[in-house]
Amino acid sequence: MTTHHHHTASTTTRPEMPHYHKQSPRATTPTATGPPYSFFSPKLSVYLCSICVTLFILFHIKILQTPLPSSPNSFSFLQNWNEKRSIDNDSSSCSHDLTYMADKLRESVTFLPLKDLRFANAALVGHTWFMSSLYDTHDEGEVQYQQFPSKSSDGRILCIKGRDNHDGSWNYYALAYPGFLPKNATLVPGRTFVSYNHYDYGNIWHGLSALVPFVAWHLKSACAVPDRWVLYHWGEVRTGMSPWLNTLMEATFNGPLNIEKFDDNGDDHSPMCYEEAVVMRHNEGGMSREKRIEVYDLIRCKARMMCGVELDRTDGEIGLTLFMRTGPRSFRNETAVVEIFDRECKKVENCRLRVAHSNNLTICEQVKLMGSTDILVSPHGAQLTNLFLMDRNSSVLEFFPKGWLKLAGVGQLVYHWIASWSGMKHQGAWRDTEGDPCPYPDDDRRCMSVYKNGRIGYNTTYFAEWASKVLNEVKMRKSQEATMETKVPTKCACS
């Protein structure tokens, strides 16, 4: 019995106390000197710390919102110094960035070959193989040209590198901003005329064709003149032109031509960048007939002024000039030809015959001769380029050796063209049917090597009738001009 009662008592439990009445595990039996339990708690500590941090932050925010004293000895001096140092650091950083960008602009200048071999089979088509990546400026009826700097070049100037006179693909061009020229570049001051000639500057016809567009630009640009010329043929450097052409250009532009010869012993690979450049590469292409006549009027007028030839003829003569050649494309019987035209000239009142050879006249002698010529009789050849130096509406009679009609192509028409462009009348051509035989069929291109420099015969009846017809036309025209008192201007443009 006793044992059972003890087991029952040991299993009896009391109701559990609410949690807020529980003692801490570390609580001890109450004593006379301490509370019945402790208030310490980790959560309470966290709450107290959070409140302190919040108050600390709010206090400092208030301090930052309060203006600092303005005394020189206050913290404002240090603050201002720090701000200035910050600005200086920004300026230094900006300057570094600008220097970096300038270097990149210089490095980005890309040089391309002056002669683009991709267009070797179509060198005169489109932009031409000279500076092939660039477009021309062209207003209707005006000359085609490139100008640097300009709006179309985005303010960039022309740079050229290389002086090769045998292969234009070893000479280069590029565009650069004036303040950011490529490394080792030389800035060339003034205005530079850059001429591209697909043929040559020694032949007066080909040379004149290449330089006429500069005269057109000169007229449309308030008579602006160049400080120097740079000449190219297929992108190859050329350092001169025929004396005849050089003299005419000096007269037109009112002073000696400064043709760049690149003989300063400078580095061939150092770029030359031109402050202003005007580039021509299409000869008279794009120009209206009226514009071309205006250009030839100016060259004629300036040449006559230079040589002391009257601008307005008053002699009343009809000048008939036989302008002869020696050697290739000369007359086989020059004496017979002269006699035919002399007889016809004597039949017309005031007709005066002159016989001259192009190879023994000075430039001014040629200018004077053409100034007194109304009818120019001459074999096909460069000497006929002088025809534009005659008065407007003067006449030209041209003669060809055998074979040219079939084989010479458009080259045989150049004096038809210049006669039209300069206000003259091309009165036709006589083509010899006799000449040296060709071992190939007549239409074989190889025959041109036989016919090219052939000599020219004559036809007495044809020449006499042709001369008589043209002489009478000129007589009638001059009579009408005298009645209308037509006068040639006595002052040149751009004088």
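How many helices and strands does the protein have? The protein has 12 helices and 13 strands; both are DSSP runs numbered from the N terminus, with helices being H or I of at least four residues and strands E of at least two. This is a predicted model, in which local features need pLDDT of at least 70 and side-chain atom pairs count only at pLDDT 80 or more, while totals for chains, interfaces and linings use all residues. Residues are numbered from 1 along each chain as its sequence is written, and side-chain values use heavy atoms, with hydrogens and water left out.

**The whole chain**

Start with everything selected. Of the 495 residues, 42% count as buried (buried is under 20% relative accessible area, exposed over 50%, partly exposed in between, with a 1.4 Å probe and protein chains only). Among contacts (heavy atoms within 4.5 Å) between residues at least 6 apart in sequence, 75% join residues at least 24 apart.

**Strand 2 to strand 4**

Select the loop between strand 2 (146–148) and strand 3 (157–161), where Pro149 lies. The peptide bond from Phe148 to Pro149 is cis, with omega near -5 degrees. Further along this loop is Asp154, which is not a glycine yet has a positive phi of about 60 degrees.

Next, select Ala174 in strand 4 (residues 172–176). Ala174 has 3% relative accessibility and therefore counts as buried. Beyond neighbours within four places in sequence, Ala174 is in contact with Val109, Thr110, Phe111, Ile157, Leu158 and Cys159. Show Cys273 too: its C-alpha atom is 8.9 Å from that of Ala174, although the two are 99 residues apart along the chain.

**Helix 4 and helix 5**

Now select helix 4 (residues 204–220), whose 17 residues should span 24 Å at 1.5 Å a residue, in agreement with the 24 Å between its end C-alpha atoms. The expected span is 1.5 Å times one less than the number of residues. In helix 4, 15 of the 17 residues are buried. Helix 4 bends by about 30 degrees at Ala210, and Pro213 follows within four residues; the bend is the angle between axes fitted to the seven residues ending there and the seven starting there.

Add helix 5 (residues 243–252), whose axis comes within 10 Å of that of helix 4 and crosses it at roughly 10 degrees. Helix 4 is therefore roughly parallel to helix 5. Angles under 35 degrees count as roughly parallel, over 145 as roughly antiparallel, 65 to 115 as roughly perpendicular and the rest as oblique. Among the residues that meet are Leu208 and Leu211 in helix 4, and Trp244 and Met249 in helix 5.

**Helix 6 and helix 10**

Move to helix 6 (residues 289–307) and helix 10 (residues 414–421), which pack at about 85 degrees with axes 8 Å apart. Helix 6 is therefore roughly perpendicular to helix 10. Where do they touch? Arg289, Arg292, Ile293 and Tyr296 in helix 6 meet Ile418, Ser420 and Trp421 in helix 10. After helix 6 comes Gly308, with a positive phi near 70 degrees.

**Strand 12 and the loop before it**

Finally, select Asn393 in the loop between strand 11 (375–379) and strand 12. Asn393 has a positive phi of about 75 degrees although it is not a glycine, and its relative accessible area of 32% makes it partly exposed. Ser395, in strand 12 (residues 395–400), is buried, with a relative accessible area of 1%. Leaving aside neighbours within four places in sequence, its contacts include Asp374, Met390, Lys425 and Val470.

Note on methods
Axes are lines fitted to C-alpha atoms, for helices over the stretch in contact, and angles run from 0 to 180 degrees between N-to-C directions.
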